[in-house]
Amino acid sequence: MGKRNKWRKSMVLALALAGGLLFNTVQPTEVHAEETSQQMIDKKAKIDTEVKKLQEELTNLQKEIDEKVKVFNKVQADIKEVDTNIVDTKKRIEQRSTILSERMAAYQAQDNTVGIYLSAVLESKSFADLMDRVVAVKTLMDADQELVDQQEADKANLEKQKAILDEKQKELQKQFQELQQKESEMEVKKAENEAKSLALKAQIATKQEEERLEAERKAAEEEAARLRALQAATPVVQATNNNGDNGNTNNTNNTNNTNNTNNASNNGNDANNVKSQKIVVGSGTGTASSGDAISTAKQFLGRSYVWGGSNPSTGFDCSGLVQWSYSQAGVSLPRTASQQYLATQRISASEARVGDLVFFSYGSGVAHVGIYLGNNTMIDAQNNGVVIESLDWWNQYLVGFGRIQ
């Protein structure tokens with residue numbers, strides 16, 4: 001019996017020791033798990049904050065663009081108002097010119113103008129009749145003089161209105177270029193921030209999610225690198241001139257614009273001060289799809305430029321017109337000028353054919369795009385709307401041509 005009790009005591013002691021050891025080994029693990037969980041919560045909160053900051057950067061940039069769009073739209077509205085005023089002034093001048101011409105013809109049929117009025121006075125039958133005739137003659141003379149004064153005032157006003165229109169068009173072109181430049185910068189920032197955001201999220205993801213996020217991050221970084229490289233894109237003519245060859249062609253305001261006399265060449269930087277090399281552009285035959293795209297684009301000639309517009313219901317900006325026109329021909333293109341540049345095959349100007357895309361830069365990044373029509377012309381959406389215009393003035397900003405594959 002004594003031996004059995006001793007054995008029981010030994011077993012209890014052994015179990016107690018085992019329980020103590022088990023407790024001591026599990027307890028730290030539970031504490032460690034608690035600490036790791038809290039650390040993960042803190043880490044997630046920190047990463048969420050960083051991701052939010054990246055999003056806020058883009059939001060602030062978008063606000064800057066939105067403010068510029070408001071200014072652009074205001075200048076567009078101002079130009080329409082001035083255009084209307086000019087039309088009205090010209091109409092008044094023309095109507096008055098007709099009246100004055102008829103008066104002059106009547107006067108010239110008489111010996112002299114004074115004789116007409118003198119006869120009217122001398123033929124009066126009474127003093128009262130004389131006074132009536134004098135008043136009538138004076139009224140006619142005053143009316144003639146008033147017409148002349150109004151005509152001169154309107155002609156002077158017309159010159160002022162034209163000067164205002166010219167300044168507004170230059171301002172619109174400046175806003176147009178700044179907006180396109182800003183969009184190019186925004187694209188780079190979006191891609192860079194997307195890559196940073198994915199890298200942050202990968203730090204708190206599961207193994208499976210981490211692999212997916214890593215793949216997306218690499219793709220975003222590659223896109224950012226390609227777009228960042230485009231920021232160094234320099235216009236062909238500018239690059240040539242910087243190498244010491246100023247060329248022999250002075251690209252003055254072109255007069256070959258088929259559908260728009262007030263095109264960008266009349267509104268931007270003073271083209272008379274731009275000396276550039278003559279660029280020889282090919283005019284090869286386009287494909288069936290490019291023909292369809294061009295036919296679609298031509299349907300919108302004269303349509304006003306709308307920033308961010310990408311379909312007929314909203315209107316078009318430059319890349320929106322290109323994307324929509326080719327989509328109707330069954331060809332898918334990215335949304336922006338920079339992305340369209342990256343999505344097309346580089347070709348020389350001399351190899352260009354109808355339907356190729358032509359790209360431009362104002363000094364940093366690809367900011368504008370049009371569809372080449374051959375014969376040194378393109379169709380594009382610019383600050384004066386959808387137009388067909390010569391490349392002569394645009395050559396100062398030319399980056400290159402792209403062929404849709």
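In this predicted model, the side chains of Arg212 and Glu216 form a salt bridge, with an N to O distance of 3.2 Å. Both residues belong to helix α4 (residues 207-230), where a spacing of four residues separates them by about one helical turn. Arg212 is partly exposed, at 44% relative accessibility, and Glu216 is likewise classed as partly exposed, at 34%.

## Salt bridges

The Arg212 pair belongs to a wider set, for the whole structure contains 19 salt bridges. One of them joins the side chains of Glu64 and Lys182, at 3.2 Å from N to O. Glu64 is part of helix α1 (residues 2-109) and Lys182 is part of helix α3 (residues 127-202), so this salt bridge ties together parts of the chain that are 118 residues apart in sequence. The two partners fall into separate accessibility classes: Glu64 is partly exposed at 39% relative accessibility, whereas Lys182 is buried at 19%. The value for Lys182 is 19%, and buried means under 20% relative accessible area. Glu64 and Lys182 are also linked with Glu185 in a network of salt bridges.

Helix α3 contains a further pair, Lys170 and Asp166, whose closest N and O atoms are 3.5 Å apart. These two residues are four apart in the helix, which places about one helical turn between them. Lys170 has a relative accessible area of 37% and is partly exposed; Asp166 is partly exposed as well, with 28%.

The three pairs described above are listed with their closest N to O distances.

| Pair | N to O distance |
|---|---|
| Arg212 and Glu216 | 3.2 Å |
| Glu64 and Lys182 | 3.2 Å |
| Lys170 and Asp166 | 3.5 Å |

## A buried acid in helix α3

Asp154 is also located in helix α3. Its relative accessibility is 9%, and it therefore counts as buried. The Asp154 side chain makes a polar contact of 3.0 Å with the side chain of Arg92. Leaving aside residues up to four places away in sequence, Asp154 touches Thr89, Arg92, Ile93 and Arg96.

## The antiparallel sheet and its helices

Strands of a sheet pair through backbone hydrogen bonds, in either a parallel or an antiparallel sense. Here, six strands make an open sheet in the order β5-β10-β6-β7-β8-β9, and their pairing is antiparallel. Its edges are β5 (345-347) and β9 (385-390), each of which pairs on one side only. From one strand to the next, the twist averages 35 degrees.

Within this sheet, strand β6 (residues 357-360) and strand β7 (residues 368-374) are paired in the antiparallel sense over four bridges. Val358 has Gly370 of β7 as its bridge partner. Helix α6 (residues 288-298) packs on the sheet and touches β7, β8 (377-382) and β9, and its direction makes about 110 degrees with that of β7. Helix α7 (residues 318-327) lies across β6, β7, β8 and β9, and runs at about 50 degrees to β7.

The loop between β2 (275-276) and α6 includes Gly286. This glycine is partly exposed, with a relative accessible area of 26%. Gly286 and Ala352 are 66 residues apart along the chain, and their C-alpha atoms are separated by 9.4 Å.

## Nonpolar cores

In soluble globular proteins, nonpolar side chains tend to be buried together. The largest nonpolar core of this model has 60 residues, and those touching the most other members are Val281, Tyr326, Leu357, Phe360, Ile371, Trp394 and Phe401. Helix α1 supplies the largest share of this core, namely nine residues.

Leu357 has contacts with several of the other core residues named above, including Tyr326, Ile371 and Phe401. Its further contacts, not counting residues up to four places away in sequence, include Val322, Leu333, Val369 and Ile404, as well as Gln340, Thr344 and the glycines Gly370, Gly400 and Gly402. Gly370, the bridge partner of Val358 in β7, is thus among the residues that Leu357 touches.

Apart from the largest core lies another, of six residues, with Leu198, Ala202, Leu213 and Ala220 among them.

Methods. Residues numbered from 1 in each chain as written. Predicted model: local features only at pLDDT ≥ 70, side-chain atom pairs only at ≥ 80, totals over all residues. Heavy atoms only, no water. Salt bridge = Lys/Arg side-chain N within 4 Å of Asp/Glu carboxyl O. Buried < 20%, exposed > 50% of the residue type's maximum accessible area, 1.4 Å probe, protein only. Pairing = 2+ DSSP bridges. Axes fitted to C-alpha atoms, helices over the stretch in contact; angles between N-to-C directions. Contact = heavy atoms within 4.5 Å. Polar contact = N/O pair within 3.5 Å; in protein donor to acceptor, adjacent residues only side chain to side chain. Core = buried A, V, L, I, M, F, W, Y, C linked by side-chain atoms within 4.5 Å.
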